[in-house]
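Visitor: I'd like to walk through this model and hear the reasoning behind each label. Can we start once it's on screen?

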Amino acid sequence: MAEIKLEHIHKRYENAEDYAVTDFNLDVQDNEFIVFVGPSGCGKSTTLRMIAGLEEITEGDLYIDEDVVNDVAPKDRDIAMVFQNYALYPHMTVYDNMAFGLKLRKMPKSEIKERVQKAAEMLGLTDLLDRKPAALSGGQRQRVALGRAVVRSPKVFLMDEPLSNLDAKLRVHMRTEIAKLHEELETTMIYVTHDQTEAMTLADRIVIMEAGVIQQVGTPFEVYNSPDNAFVASFIGSPAMNLHEVTYSQGRITGQGIDLLVSEPSRKVLDEKGYEGKTVIFGIRPEDIHSEQIALDTTPETVVETTITVAELTGAESILYIDVGGTEMVAVVDARDFHQAGEKMEVAFNMNKAHFFDVETEEVIRKKPIEEVVETTL
Amino acid sequence: MAKNNHKKMKNKRFWNQFFTYVYLIFMTVIIIYPLLITVTSAFKSGNLISFDLSFEGELTLNNFRRLFNDTLYGTWYMNTLMVAVVAMFIQVTIITLAGYAYSRYRFIGRKSSLKFFIVVQMVPTIAALTAFYVMALLVGGLDTHGFLIFLYVGGAIPMNTWLMKGYFDTVPIDLDESAKLDGAGHLRTFAQIVLPLMRPMIAVQALWAFMTPFGEFMLARFILRSPEKYTVAIGLQQFINDPRQQRVTLFAAGAILIAVPISILFFYLQKNFVSGLTSGGTKG
C-alpha cells in the first residue's frame with residue numbers, strides 16, 4: 001500500500017556519456033498496476049532498479065509515500081522484487097527461500113510458518129515446500145519467486161520481466177495468475193516487460209519508453225487508440241500500425257500510391273494547424289482496413305484496389321500484406337472470407353480511425369486533449 | 001558394402017579401446033611404481049642405501065618406531081601440522097574475502113591490482129629469495145614458523161584470489177540483489193547466500209593450502225634454521241642427503257605418514273566436491 005512518485009529522475013552510468021534514463025516523471029497511485037514497456041535497452045529495467053534501490057539515482061527525487069528514498073537502502077524501502085531469472089537461493093528449500101526475508105525481519109517462527117503456508121496455498125506450492133529449486137520446473141520456480149515476494153506483504157511489488165523465461169502457454173497462464181494476485185494483494189505493482197500483450201492485459205496504466213525517455217503514459221485503451229507519437233503508434237498493437245509519409249492537400253492525402261479522402265474532424269485539425277500542402281505521417285491500424293462488403297458500401301470514397309502479396313492465417317483472422325499502389329500495407333481481416341496471395345482485393349480505409357503525425361517531431365497532430373478524444377471514440 | 005562398413009567400424013572400435021587401455025595401464029604403472037617402492041621400503045628392516053623395488057627380507061614396523069624415538073620426526077610433524085592448519089585458515093579467509101570483493105564491488109584500483117596480481121605471479125619464488133631474506137631480517141622472522149606461514153599465504157594470494165574471483169563470478173549477482181531486497185546486509189548476503197554456493201572452491205583451496213607445507217622445501221629450508229623448527233619436508237631430507245649415511249627406510253616411513261592428515265582432510269572435505277550447486281537458482 002503505497003504511492004510512488006518519480007520526479008525528474010535521471011540515470012547516467014559511470015563512464016557513459018549519455019543518460020540511460022532522462023527526466024522520468026511519474027505518479028503511481030496506491031494499488032495501481034503500472035507496466036513499463038519498451039524495446040530492449042530503453043531504460044525500463046534501469047528505472048525499476050532505481051525504484052528498488054539497486055541502482056543509484058543520478059538526478060531527481062524518488063518518493064515512496066511522503067518520503068524521499070534516494071539514499072535509503074533497498075532493505076529499508078519495504079519493496080519486493082521478482083527477477084527475470086527468478087534468483088532463488090539454490091541451497092535453500094522452497095520454504096526457506098520464502099522465509100528468508102521474514103527471518104531477517106525477526107518475525108516469530110509461528111507467524112513465518114503461517115505466512116509461508118498461506119502464500120504457498122495461494123500459488124499452489126504446498127507440496128513443494130521441502131524441495132530445492134533445482135528440483136522444480138520453470139513455472140514452479142517462477143511461482144516460488146512470486147511467493148518470496150508475496151509473504152513479505154511489501155509496500156510495493158516490482159517485477160522485472162518475470163515471465164520472459166517461460167514457454168508461451170505457461171506465460172499466458174502466469175499472466176492471469178499475476179492479475180489475480182494483484183486483485184488479492186491490493187498492492188502497488190510496477191511491472192517491466194517488452195511484451196506488449198502483457199502490458200495491455202495487466203496494466204492499469206502503461207508507461208511506454210524509448211531511449212530512456214517516456215513516450216506516453218496512459219491506460220491501455222488510451223495508448224492504443226490515441227498514441228501520442230509515431231513510436232507509440234508503431235510499438236503498441238500487433239501487427240504494427242501502418243505508417244506512411246504522405247502529402248496533405250485539399251482534404252486528401254496523396255503519395256506512395258495512396259490517395260485517400262481525410263475524414264471531416266481530421267481535416268479540420270490539419271487545416272487549423274497549417275498542414276495544407278505539407279508532408280505528414282499517415283497511420284492506420286491493420287484492423288481499420290476492411291474488406292467486408294458492408295464496409296466497402298458504407299464508405300465508397302475510401303475504397304482502394306489492392307493486390308495481396310502474402311496471406312497469413314492465424315485462425316480467426318488473416319493477416320494480409322497488401323500492395324496499395326506500390327506501397328506495402330498490412331490488413332487484418334476475418335479469416336472466413338478466405339484470401340490468398342496474388343488475389344486482387346478491394347479494401348476500405350476507416351478514415352475516422354486514421355492518425356496523423358508531424359514528420360519532424362513525429363508527434364501526433366491533435367487538437368483536443370486526450371480525454372476528449374477517448375470520449376468521442378467511445 | 002554395408003557389411004564391409006560394419007566390419008570397419010568394429011575394427012575401429014577395437015583399436016580405440018586397445019589404445020585407451022594401453023594408455024591407462026602405462027599411466028597406472030607410472031603412478032603406482034614409485035608409490036610401491038616407498039611403501040615397501042618403509043616396512044623393510046635395516047638401512048638401505050638406495051631405493052629399489054624388491055620384496056625380499058622380513059617386514060617390520062621398526063622404522064616407524066625409530067622415527068619417533070631416535071629422530072625429531074615427531075616435532076617436525078607437529079610443526080608442519082601447525083603451519084598447515086594456520087596457513088590454511090588464514091589463506092582461505094583472505095582469498096575468500098578478497099575474491100568476493102573483486103567479484104562484487106567496484107572500487108578504485110580494482111582493475112590495476114588484478115593485473116598486478118598476474119605480474120607478481122610471473123616472478124618465481126626463487127627470484128624473490130633475497131628479498132624474503134631481507135624482510136625476515138628486518139622483522140626478525142628468520143627461523144620462525146610465523147614468517148614461513150606469512151610467505152606461504154602471501155605467495156598463494158594472487159593466483160588464488162583470481163581463482164576465487166572467477167568462481168564468485170559464476171554465482172549470479174541477482175542472488176545478492178535478491179538478498180538485499182529481502183533485507184540482508186553485505187555480511188549476511190556474503191555468509192548466508194553466496195558462501196554456501198562456494199563450498200567446492202573453498203574446499204579445494206583449503207586442501208591446497210593445507211598440503212603446501214607438507215611438500216614445500218625451498219622456503220622452509222631457507223627460513224627454518226634449527227632442526228627442532230623443521231617441517232617434515234626438510235626434516236626427511238636430512239635422512240638422505242648424506243651420501244655416507246643414507247637412511248632410505250626411515251625416509252620412506254616418514255613420507256608415508258605425511259599422507260595421513262592429508263587423506264583425512266580430503267575425506268572430510270570430499271562431500272563438498274560437487275558441481276552444480278548454483279543450478280536451479282536462476283535461468284538464462
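Guide: Sure. In this predicted model, Ile289(A) stands opposite Phe349(A) in β19(A).

Visitor: What makes β15(A) and β19(A) a pair?

Guide: At least two bridges between two strands are needed for a pair. β15(A) and β19(A), residues 344-349, are joined by two bridges in the antiparallel sense, so they meet the cut-off of at least two.

Visitor: What sheet do they belong to, and why is β15 of chain A called an edge strand?

Guide: The sheet is open and has five strands, in the order β15-β19-β16-β17-β18 of chain A, with antiparallel pairing. β15 (289-290) and β18 (327-334) of chain A are its edges, as each pairs on one side only.

Visitor: How do you know that β17(A) and β18(A) pair?

Guide: Again, the requirement is at least two bridges. Strand β17, residues 317-324 of chain A, has eight with β18(A), in the antiparallel sense, so this is a pair by that rule. One example is Ile322(A), whose bridge partner in β18(A) is Met329(A). The hairpin of these strands has two residues between them, and Gly325(A) takes a positive phi near 55° there.

Visitor: Back to the other end of the sheet. Why is Asn350(A) called partly exposed?

Guide: A residue is buried with 20 or more C-beta neighbours within 10 Å and exposed with 12 or fewer. Asn350(A) has 17 inside 10 Å, so it falls in between and counts as partly exposed. You'll find Asn350(A) in the loop between β19 and β20 (355-358) of chain A.

Visitor: Which residues does Asn350(A) touch, leaving out those up to four places away in sequence?

Guide: Asp288(A) and His290(A). For a contrast in distance, Asn350(A) and Lys155(A) are 45 Å apart, C-alpha to C-alpha, with 195 residues of sequence separation.

Visitor: Which strand pairs with β3(A), and in what sense, parallel or antiparallel?

Guide: β3(A), residues 33-37, runs parallel to β9(A), residues 205-210, with four bridges joining them. In that pairing, Val37(A) has Ile208(A) as its bridge partner in β9(A). β9(A) also pairs with β10(A), residues 213-218, in the antiparallel sense over five bridges. There Glu210(A) stands opposite Val213(A) in β10(A). Two residues lie between these strands in their hairpin, where Ala211(A) has a positive phi near 50°.

Visitor: What does UniProt list for residues 4-236 of chain A?

Guide: The unreviewed entry lists "domain: ABC transporter" for that range. Over those residues the chain is 36% helix and 24% strand, and the end C-alpha atoms are 25 Å apart. Chain A as a whole has 11 helices and 20 strands. Of its 378 residues, 41% count as buried.

Visitor: On to chain B. What makes you say that α5(B) lies largely in the open?

Guide: Helix α5 of chain B, residues 129-139, has 11 residues and the number buried is one, so α5(B) lies largely in the open. Gly140(B) follows α5(B) and has a positive phi, near 65°.

Visitor: How do you know that the span of α9(B) agrees with what a helix should give?

Guide: The expected span is 1.5 Å times one less than the number of residues. For the 17 residues of α9(B), residues 199-215, that gives 24 Å, while the end C-alpha atoms are 25 Å apart, so the two agree. Buried residues of α9(B) include Met201(B), Leu207(B) and Phe210(B). Among the elements covering the buried residues are α3 (73-104), α6 (145-169) and α12 (248-269) of chain B.

Visitor: Which parts of chain B does UniProt list as "transmembrane region"?

Guide: Its unreviewed entry lists residues 21-43, 76-102, 114-139 and 248-269 of chain B. Residues 248-269 of chain B are 100% helix, with end C-alpha atoms 33 Å apart. Residues 114-139 of chain B are 77% helix and 0% strand, with the ends 28 Å apart.

Visitor: How many residues does each chain bring to the contact?

Guide: Chain B brings 21 residues and chain A brings 25. On the side of chain B that touches chain A, helix α7 of chain B (residues 173-182) gives the most, with seven residues. By class, that side has eight nonpolar, eight polar and five charged residues.

Methods. Residues numbered from 1 in each chain as written. Chains lettered and ligands numbered in written order. Predicted model: local features only at pLDDT ≥ 70, side-chain atom pairs only at ≥ 80, totals over all residues. UniProt positions renumbered as here; feature names shortened; annotations may be inferred. Contact = placed C-beta atoms within 7 Å. Nonpolar A, V, L, I, M, F, W, Y, C, P; charged D, E, K, R; others polar.
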